[in-house]
Amino acid sequence: NEERREELVKVAGNYAEQARIAVRNVRRDGMDQIKKAEKDSDISQDDAKLYSDEVQELTDKAIAGIDAALEAKQQEIMQV
């Protein structure tokens with residue numbers, strides 16, 4: 001019934017939020033590695049900036065994919 005579908009939408013939203021958190025954690029780890037490599041003079045500042053931008057771009061793509069999947073799943077669940 002309608003109430004059950006709304007509950008399932010909330011559950012799907014929780015799973016999506018957990019996925020977003022996981023992606024952000026991976027981004028944070030990647031950024032930390034980049035900063036450490038720059039501090040240790042393993043990479044230049046220009047390379048660090050380039051890699052940071054690339055990590056952020058990949059993060060944005062992953063979160064957009066999660067949001068799109070959530071939207072599709074919510075529509076699927078709410079169909080009668």
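**Two helices and the core between them**

In this predicted model, I63 makes a good starting point: leaving aside residues up to four places away in sequence, I63 touches R20, V23 and R24. I63 is also a member of the largest nonpolar core, a set of eight residues that further includes V9, A12, A16, V23, I66, L70 and I77. Helix 1 and helix 2 (45–78) each supply at least two residues of this core. As a general background, nonpolar side chains in soluble globular proteins tend to be buried together.

Helix 1 covers residues 2–39. With 38 residues at 1.5 Å a residue, helix 1 should span 56 Å, and the 55 Å between its end C-alpha atoms agrees with that expectation. Its buried residues are R5, V9, A12, G13, A16, R20, V23, G30, M31, I34 and A37, and these pack against helix 2. A useful point of reference is that an α-helix has 3.6 residues a turn, so residues three or four places apart point the same way.

Helix 2 gives a matching check on geometry. Its 34 residues should span 50 Å at 1.5 Å a residue, and the end C-alpha atoms lie 49 Å apart, in agreement. The buried residues here are A48, S52, T59, I63, I66, L70 and I77, and helix 1 is included in what covers them.

One residue of helix 1 deserves a closer look. R5 lies in helix 1 and counts as buried because its relative accessibility is 18%, under the 20% cut-off. The side chain of R5 is joined to that of E2 by a polar contact of 2.9 Å. Beyond residues up to four places away in sequence, R5 touches I77, M78, Q79 and V80. Of these partners, I77 is itself listed among the buried residues of helix 2 and belongs to the largest nonpolar core.

The loop between helix 1 and helix 2 holds a further point of interest, S41. Just after helix 1, S41 adopts a positive phi of about 65°, although S41 is not a glycine. Most residues other than glycine have a negative phi. S41 counts as exposed because its relative accessible area is 61%, over the 50% cut-off. R5 and S41 thus make a handy pair to inspect on screen: R5 is buried within helix 1, whereas S41 is exposed in the loop that lies between helix 1 and helix 2.

Notes. Residues are numbered from 1 along each chain as its sequence is written. This is a predicted model: local features need pLDDT of at least 70, side-chain atom pairs count only at pLDDT 80 or more; totals for chains, interfaces and linings use all residues. Side-chain values use heavy atoms; hydrogens and water are left out. Helices (H or I, at least four residues) and strands (E, at least two) are DSSP runs, numbered from the N terminus. Buried means under 20% relative accessible area, exposed over 50%, partly exposed in between (1.4 Å probe, protein chains only). A polar contact is a pair of N or O atoms within 3.5 Å; within protein, one must be able to donate a hydrogen and the other to accept it, and residues adjacent in sequence count only if both atoms are side-chain atoms. Contact means heavy atoms within 4.5 Å. A nonpolar core is a set of buried Ala, Val, Leu, Ile, Met, Phe, Trp, Tyr and Cys residues joined through side-chain atoms within 4.5 Å. The expected span of a helix is 1.5 Å times one less than its number of residues.
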